[in-house]
Amino acid sequence: MQTPNPLPPADLDPMVWDTLIQSIEQAVGAAGLVRDPELMHSYLTDWRNAYQGRAALVVRPATTEEVAAVVRLCHDAGVALVPQGGNTGLCGGSIPDSSGRQVVLSLTRMKRIREIDLANETITVEAGVILQQLQEAASQAGRLFPLSLGAEGSCTVGGNLATNAGGTAVLRYGNMRELTLWGLRWYCRTDVSGTACEACAKTTPVTTSSICSLAQRARLGLSPRRCSSCFRPPIARQLLGSHCPRRRRLWT
């Protein structure tokens, strides 16, 4: 049995709302919509239950084109969007408010690792890639992606970009802004043509730090993977030496 459309926001004409839902479904497909209140619950609260909200709809696009279509449709209808990644934040930034007038835009279906470029020490991933999967892909390629934090098994690259995450190795490698070479794909809601507005232009390359744009793909920097001799204290390395071919890059 097909799930009925959720009730429209109070300030939106029901006909406009039904048209919006139909247009969004055409853009993202049935798999890209969450309309069942029980299935929507996990998108409307954080894991501590400290923040709880209501949403008119949850949309899960799978491509950049689908994201652009959803943003354009909601912008034209005057419906606010709440971007969401792994929903592991502690400050409620990914939770809609209690009005029920907002649409949650979850990027968790955009989870492809696009490219690993060992010659340039980079990896290109979509916003929904889980941080741990990114770390494992880098490790399998003989490299290190140094961002590490407690929620790495659930948080996504898009959320790491939006919050400029630091993690346990931030003093050695920097935060997410320093690890990002460029936000390759983003969509600015204030200019439906896709051109960056002034606010977005000021925050590139990490465009999700802007008030009005969504990063969907990013090229991130990789580091050489350390071996056991790389962790020797300076005195031990001086006495015992280090045969690690990456020592010069790691310690200078």
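Arg 48 forms a salt bridge with Asp 46, and their closest N and O atoms lie 3.7 Å apart. The two partners differ in burial: Arg 48 is partly exposed, with a relative accessible area of 42%, whereas Asp 46 is buried, with a relative accessible area of 2%. The model described here is predicted, and the structure holds five salt bridges.

**Salt bridges around strands β5 and β6**

A further salt bridge joins the side chains of Arg 114 and Glu 126, at 2.8 Å from N to O. Because Arg 114 lies in strand β5 and Glu 126 in strand β6, this pair ties together parts that are twelve residues apart in sequence. Arg 114 counts as partly exposed, at 38% relative accessibility, while Glu 126 counts as buried, at 2%. Arg 112 is also involved here, since Arg 112, Arg 114 and Glu 126 are linked in a network of salt bridges.

Arg 143 forms a salt bridge with Glu 121, the closest N and O atoms being 2.7 Å apart. Arg 143 lies in strand β7 (residues 143–144) and Glu 121 in the loop between β5 and β6, so this pair connects parts that are 22 residues apart in sequence. Glu 121 is buried, with a relative accessible area of 14%.

Three of these pairs are listed below.

| Basic residue | Acidic residue | N to O distance |
|---|---|---|
| Arg 48 | Asp 46 | 3.7 Å |
| Arg 114 | Glu 126 | 2.8 Å |
| Arg 143 | Glu 121 | 2.7 Å |

**The β5–β6 hairpin**

Strands β5 and β6 run antiparallel and are joined by four bridges. Four residues stand between the strands of this hairpin, in which Glu 121 takes a positive phi near 55°. The acidic partner of Arg 143 is this Glu 121.

Strand β6 (residues 122–126) is largely enclosed by the rest of the structure, because five of its five residues are buried. Thr 122, Thr 124 and Glu 126 point one way from β6, and Ile 123 and Val 125 point the other way.

In strand β5 (residues 113–117) is Ile 116, which stands opposite Ile 123 in β6. Ile 116 is partly exposed, with a relative accessible area of 35%, whereas Ile 123 is buried. Together with Ile 113 and Leu 118, Ile 116 makes a nonpolar surface patch of about 210 Å².

**The four-stranded sheet**

Elsewhere in the chain, four strands form an open sheet of mixed pairing, in the order β1-β2-β4-β3. Its edge strands are β1 (33–34) and β3 (81–84), each of which pairs on one side only. Strands β2 (residues 57–59) and β4 (residues 103–106) run parallel and are joined by three bridges. Val 58 has Val 104 as its bridge partner in β4. Helix α1 (residues 14–28) packs on the sheet, where it touches β1, β2 and β4, and its direction makes about 20° with that of β2.

**The chain as a whole**

The chain has ten helices and ten strands. Of its 252 residues, 43% are buried. Among contacts with a separation of 6 or more, 60% are accounted for by residues 24 or more positions apart. The chain exposes about 13,200 Å², of which carbon and sulfur atoms supply 52%.

Technical notes:
Residues are numbered from 1 along each chain as its sequence is written. This is a predicted model: local features need pLDDT of at least 70, side-chain atom pairs count only at pLDDT 80 or more; totals for chains, interfaces and linings use all residues. Side-chain values use heavy atoms; hydrogens and water are left out. Two strands pair if DSSP finds at least two bridges between them. Helices (H or I, at least four residues) and strands (E, at least two) are DSSP runs, numbered from the N terminus. Contact means heavy atoms within 4.5 Å. Axes are lines fitted to C-alpha atoms, for helices over the stretch in contact, and angles run from 0 to 180 degrees between N-to-C directions. Patches are made of residues with over 30% relative accessible area and no salt bridge: like charges are joined within 9 Å, nonpolar side chains (Val, Leu, Ile, Met, Phe, Trp, Tyr) within 5 Å. Accessible areas come from the Shrake-Rupley method with a 1.4 Å probe; for residues, only the protein chains shown count as cover. A salt bridge is a side-chain nitrogen of Lys or Arg within 4 Å of a carboxyl oxygen of Asp or Glu. Buried means under 20% relative accessible area, exposed over 50%, partly exposed in between (1.4 Å probe, protein chains only).
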